[in-house]
Amino acid sequence: MTGAYVHGIGMTKFGKLESSLKELLLEACTEALNDAGRPKIDAVYVGNFMGGSISNQEILGAIVANDLGLGYIPSTKVEGACASGGIALRQGLLGIMSGEYDTVLVAGAEKMKHAQTADVTQAINAAMDTTTTEKHAGLTFPGFFGVLANRYFHETDATKEHLARVALKNRQNGVNNPLAQFPKPTTLEEIMAARMITDPLGLFDCSPMTDGAAAVVISRKKSPIHVRASSQVSGPTKMQEAVNLLSIPAIGESGRLAYEKAGLGPEDIDVVEIHDCFSMTEIIAIEELGFYKPLEGWKAIEEGRTQVHGEKPVNTSGGLLSRGHPIGATGIAQVYQLVRQLRGNAANQVDGMPRIALAQNLGGTGSYSTVHILERV
């Protein structure tokens, strides 16, 4: 138990936006502060990955504190590749749990769409160990998860159609989310026929470049949403170090630790937001988190068990694939969606009133993973 509670949430539209990185960040933070009733903030944490390299803007924590008039308080920018948002949230929680702070503003933001694709790709590739032979041989993130997908196909009866069904589910969820990047519906046939990025991953199997920001206010003061557990682990930074190409150990271990801290198991989770940077990643994650047995996640996809009205709703926001993936904001956007689910007013609201929700945020090829479990109390 963290003894920390969610008091406010905020999020911008995701997609190609005219606003600057700073403007997006301030918009999301202002909404979260208003939602929380404008409390006194003791510290700020901001998750961001490429503000310096792509937008030539650092000092994001200080910008938030200064421009929102929060006073002379501590502020910190947190970088953990695609898990920057999740790690920022954990740092805010640790500040509360230590007794140092009562109330903390945590945000995440990224501005990507203004830059050339080659420049963004180069910046993203910094989330790998750039000194390795596999990196110099041309390994990319789509290449890494494409290898995992092909190995998964070899070990199971899964096919490219199962990847397409993940993408289709998340696109359908994104269509119903007014803040998502992709409001246009699609079909299984269109996904299957889309341009190949790296075999077997097509265009719809890969998360897009995105602009956007999200924010959350957390406090030791009680509210209806309790952060029941928070965990973070590191994992292998090289493919050549993988013991099993069909496992991302950081996801499994962060899940195990979070369940242990929460006194819960995967069977207790009512709604899930996980890091579907690629369609294959979602299948691996639902296995690593214990929702389905190893090498059987594809069956759950085939049978519709992870749909909004299925037994284990996954990525009701549309996930990274369809809500969008502004890297530093992703982990906070997951929490935004889950808080809305627990409040009963989410896009794609699940059946009944969910009580327990889980967010899993991944960095690199499995270098970082955070898990947060939220509870409606």
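R151 is partly exposed at 37% relative accessibility (partly exposed lies between buried, under 20% relative accessible area, and exposed, over 50%; 1.4 Å probe, protein chains only). The model is predicted: local features require pLDDT of at least 70, side-chain atom pairs count only at pLDDT 80 or more, and totals for chains, interfaces and linings use all residues. Residues are numbered from 1 along each chain as its sequence is written, and side-chain values use heavy atoms, with hydrogens and water left out.

R151 forms a salt bridge with E155, at 2.6 Å from N to O. A salt bridge is defined here as a side-chain nitrogen of Lys or Arg within 4 Å of a carboxyl oxygen of Asp or Glu. E155 is also partly exposed, at 38% relative accessibility. Both residues belong to helix 7 (residues 141-155), where they sit four residues apart, about one helical turn. Helices (H or I, at least four residues) and strands (E, at least two) are DSSP runs, numbered from the N terminus. An α-helix has 3.6 residues a turn, so residues three or four places apart point the same way.

The structure holds 19 salt bridges. In one of them, R305 meets E311 at 3.6 Å, N to O. R305 is partly exposed at 24% relative accessibility, whereas E311 is exposed at 52%. D129, K238 and E241 are joined into one network by salt bridges that share partners. Within it, the closest N and O atoms of E241 and K238 are 3.2 Å apart. E241 has a relative accessible area of 40% and is partly exposed.

Helix 14 (residues 330-343) has 14 residues. Its end C-alpha atoms are 20 Å apart, in agreement with the 20 Å expected at 1.5 Å a residue. The expected span is 1.5 Å times one less than the number of residues. Twelve of the 14 residues are buried, so helix 14 is largely enclosed by the rest of the structure. Among the buried residues are I332, V335, Y336, L338 and L342. G344, just after helix 14, takes a positive phi of about 90°.

Strand 8 (residues 225-234) is likewise largely enclosed by the rest of the structure, because eight of its ten residues are buried. Strands count as paired if DSSP finds at least two bridges between them. Strand 8 runs antiparallel to strand 1 (residues 4-11), with three bridges joining them. I225 in strand 8 stands opposite V6. Strand 8 also pairs with strand 11 (residues 368-376), in the antiparallel sense, over nine bridges. There, L374 in strand 11 is the bridge partner of V227.
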